[in-house]
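Reader: I am new to this structure and would like a close look at one part of it. Please take me through a single interface, starting from one contact and working outward.

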Amino acid sequence: MTETSIAIDVRNAVKRFGAVTALAGASLTIRDNEFFTLLGPSGCGKTTLLRLIAGFEEITEGEILLYGEDLGALPPNRRPINTVFQHYALFPHMTVAENVAFGMRRLGWTKADIEARTLRILDLVKLGDLAARRPAQLSGGQQQRVALARAMAPRPKVLLLDEPLSALDLKLRQAMRIELKQIQKDTGITFVFVTHDQEEALTMSDRIAVMSAGEIRQVGTPREIYEAPLDRFVADFIGETNVLDATVRRGSDDALTCHLTNGAAFPCHASVPPEDGAFAHVLIRPERLSLVPEAACDTGLTGVVDQAVYLGTDIQYGVRLDDGPDVLVRAQNVGADAVTHRTGDRVGLAIAPGAARLLVD
Amino acid sequence: MRRRLDIRRYPGFLPVTILCLVVLYAPLLVVMVYSFNDSLSITRWGGFSFRWYMDIFTGPESAKFKDAAWNSLTIALCAATASTTIATAAAVAMVRGGAFRGKALNLALISMPIMVPEIVTAVATLIFFSAIGFTLGYLSILVAHIVFCIPFAYLPIAARLQGIDGSYEEAAQDLYASRFQAFLRVLMPLMAPGILAGFLLAFIISLDDFIITNFIKGAGIETLPTAIFGAVKQGIKPNIMALSTIMLSVSILIVTLSYFISRYGRQGTKAGA
Amino acid sequence: MAGELASTRAVSRTFAPVRTHLLIPTWVIIGFFLVAPVLMMLVYSFLTKEFRGGVIWDFSLAAYDQFIFDRGLFGDDPPQIEWTYIVIFARSIVQAAVATVLCLIIGFPTAYFIATRSPATRSMWLFLVTVPYWVNLLIRTVSMKFLIRDNGPLNEALLGLGVINEPIALINTDFAVQLGLFYSYLPFMVLPIYASVERYDFALSEAAADLYANRWTILRRVILPIVRPGIVAGCILVFVPSLGAFLAPDLLGGAKNFLIGSLIEEQFKGNAGNWPFGAAASMILLSLVLIALFIYARRQALRSAKAA
């Protein structure tokens with residue numbers, strides 16, 4: 001990867017509001033043409049980081065580089081970066097076309113250029129026939145597209161999106177995910193997307209940074225984040241998961257085995273293999289576990305079905321392990337003839353190959 | 001049956017409200033009615049007539065009223081314009097200036113003209129003007145009016161600005177508008193109903209002022225209220241009732257206007273609404 | 001996102017860098033033409049009077065002394081407490097207090113009634129109550145004077161209906177002054193109470209009713225304590241201007257009910273022509289008002305500190 005392919009380089013960014021530290025030294029690089037997501041719970045600092053990039057907040061320490069140039073204390077109107085606001089902030093006293101043209105006018109584009117670009121960009125977001133409307137006359141989804149069009153029109157180097165889908169209802173949100181991703185691909189603009197919705201992050205992003213308490217916990221592709229979380233926080237935040245306490249045994253062939261206190265043992269994997277005999281957390285996603293007859297169980301994980309919840313596409317079981325913790329198991333609902341288990345049934349658990357992963361913390 | 005179950009309802013509160021409105025409106029209505037009384041005596045009803053309205057414009061006191069009206073209107077116009085401008089700047093600083101030291105002090109300063117009793121302001125201003133040798137007259141009235149109109153202009157403007165989502169200016173700046181352009185092209189159009197309401201209220205407040213004007217006007221200049229007060233001292237004459245009716249109609253008209261402006265303006269100030 | 005939204009969206013600091021420039025006009029105008037005059041008035045209250053208005057620049061406590069003590073016509077008698085001015089202040093305070101109570105008795109049910117209307121009709125009621133406030137106070141007071149004169153429309157109507165046999169003497173009484181003050185400042189009572197009743201959650205009334213309280217107990221034990229800040233604010237807004245009122249006492253009270261406002265006016269516009277004394281009386285009035293506002297602000301601060 002060459003230097004020029006890095007769109008945004010955040011170096012040890014710190015933001016304090018008085019005594020409150022909103023961002024405690026975040027570093028990350030966002031590549032050119034990338035759909036990059038900042039994911040985390042409320043108050044984790046993701047919006048603060050976005051606002052630092054946009055220039056709405058002044059950075060306390062550290063620096064942010066845009067294509068190798070320090071943004072410093074440049075005000076937002078001097079940064080070739082545009083934002084799609086959470087509640088869109090469409091100017092209510094202007095038409096859709098005027099909203100879209102606003103940025104280009106400020107940049108001093110010629111009238112002809114502005115007109116051509118406005119038409120083109122409104123076509124892109126499928127709003128060509130609503131150019132003369134006022135924002136108040138549009139539906140939520142249409143307003144969302146105008147906000148997107150307005151931010152993309154002046155050809156920003158980077159587009160920032162602050163939870164732009166959160167105000168839409170579920171169906172529309174799902175449709176917009178696909179559309180947003182498509183627009184990003186077609187235009188090749190670098191997107192920095194902020195969300196607290198992990199499903200949104202997983203479906204759209206090229207890479208995700210998971211944040212918590214003002215720090216970046218992990219950066220990786222959706223698959224890495226989901227399947228190989230670096231720590232307990234990431235594992236818990238992304239999807240449902242079972243975390244078990246175990247002692248790790250290192251075999252002769254460097255194969256790792258987890259031993260639970262109740263005697264169960266099964267093979268596991270780790271990105272950084274720990275010492276023999278080390279204590280560790282083992283992560284197993286519920287959908288990577290399956291229920292098998294007790295007799296056919298080779299992991300030693302046996303127990304009683306405590307709970308069975310019908311979820312439509314899935315059936316979720318809560319299993320109380322013998323002398324051990326409760327675990328969640330998710331079985332796909334493959335049809336009426338699927339084997340179902342009832343509360344009180346004794347069962348064994350099978351683990352899909354490679355599904356048990358050690359956490360480093 | 002439902003009414004009796006409604007726990008919010010208190011018997012007797014409606015009559016009190018009606019009483020309240022009767023007390024507020026009865027004197028005004030009575031004066032309005034009697035201003036059309038075709039009789040020299042203000043007590044006896046002598047039939048309907050416009051003669052006292054004619055009297056204001058053509059009668060022996062018409063020149064005095066005309067001067068007073070001209071002074072009142074021009075002072076109100078200038079004072080409202082100046083105070084609205086000052087108040088708009090102050091509101092932007094107070095509402096969009098973040099937290100800063102001395103913010104409470106600034107707010108106290110802005111609202112001081114409302115806090116200090118009018119008669120005290122009048123005394124202080126008179127003393128100050130005479131101490132610095134400021135000639136009492138048109139200009140002294142205008143300056144004093146600008147001062148006490150500021151908080152009245154400020155309140156609706158600041159309230160309006162508080163209701164405008166901060167992301168609008170940020171969006172404007174994000175789209176390459178300078179701070180001044182963001183104000184001029186985005187914030188000010190959105191604030192317009194508040195600014196207009198503030199202007200109208202300041203205008204009425206200036207038009208209505210009696211106590212302060214009476215103290216600092218100096219000899220030889222009258223505004224409508226001081227002219228009316230002077231006339232009333234010799235007893236209430238029917239032409240004063242006609243003049244009062246015109247003035248109160250103008251006030252009611254302006255307030256009604258500002259009410260509908262602010263009602264209309266309330267729509268669409270929240271982002272995404 | 002609630003916490004983060006509150007910190008990032010509610011507060012826009014876009015104009016923070018230029019806020020000083022934006023505030024300078026306010027500082028200049030109010031500072032020079034109100035703060036400085038009040039300070040100048042304070043200075044004047046310690047100067048020596050010049051007959052027929054104005055001052056002599058000699059330090060003197062005479063104005064305050066005159067307020068409290070009577071030293072005879074030539075100022076050399078042994079000082080005795082001078083009750084005249086203290087009585088005028090006391091009477092003003094009583095009149096303002098009565099007007100405030102009157103406003104509260106009528107204003108609270110009105111505000112409550114309006115706040116419980118449907119949102120559509122609510123603003124119309126509120127509008128009706130506030131319109132008279134914007135009508136020239138002088139005109140309103142003159143109208144009241146006209147209405148309640150001995151042979152005015154009110155007495156005529158009551159005589160005509162046979163309710164009374166001879167006109168009630170209303171004008172030039174204490175009651176007329178109280179009525180005038182009440183009439184002048186009633187909207188100031190209704191608006192803040194309305195604002196707090198409108199925020200009141202009526203589920204609390206339902207909860208109280210569910211726990212066997214009748215509606216008057218609910219009013220006394222639940223609603224009144226909760227909307228108290230609005231009531232206190234309304235009382236202050238009525239009391240403060242009533243204390244320094246000039247028009248209602250002057251036009252409705254006649255000469256015999258001297259109040260602070262008339263006393264002060266007399267020193268500058270009338271025959272007394274004692275500027276230092278007028279300044280001193282104004283300072284005392286201003287102090288009373290500031291003390292009332294200060295106590296109110298302290299209580300508000302304590303209340304919000306407790307809430308946090």
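Author: In this predicted model, C:Asp250 and B:Lys233 form a salt bridge, and their closest N and O atoms are 2.7 Å apart. The rule finds one salt bridge across the interface of chain B and chain C. The 2.7 Å between the N and O atoms of this pair lies within the 4 Å cut-off for a salt bridge.

Polar contacts add to this picture: 12 residue pairs are in polar contact between chain B and chain C, both residues of each pair having pLDDT 80 or more. On the side of chain B that touches chain C, helix H2 of chain B, residues 13-34, gives the largest share, with 16 residues. Sorted by class, that side of chain B holds 69 nonpolar, 14 polar and 13 charged residues.

Next comes the extent of the interface. Chain B brings 96 residues to the contact and chain C brings 90. The size of an interface is often expressed as the accessible area lost when the parts come together. For chain B and chain C the buried area is about 8800 Å², with 77% of it on carbon and sulfur atoms.

To sum up, the interface of chain B and chain C has one salt bridge by the rule, between C:Asp250 and B:Lys233, along with 12 residue pairs in polar contact. Carbon and sulfur atoms account for 77% of the area that the two chains bury, and nonpolar residues number 69 on the side of chain B that touches chain C.

Terms used
Residues numbered from 1 in each chain as written. Chains lettered and ligands numbered in written order. Predicted model: local features only at pLDDT ≥ 70, side-chain atom pairs only at ≥ 80, totals over all residues. Heavy atoms only, no water. Contact = heavy atoms within 4.5 Å. Buried area = accessible area lost by both parts, 1.4 Å probe. Salt bridge = Lys/Arg side-chain N within 4 Å of Asp/Glu carboxyl O. Polar contact = N/O pair within 3.5 Å; in protein donor to acceptor, adjacent residues only side chain to side chain. Helix = DSSP H or I, 4+ residues; strand = E, 2+ residues; numbered from the N terminus. Nonpolar A, V, L, I, M, F, W, Y, C, P; charged D, E, K, R; others polar.
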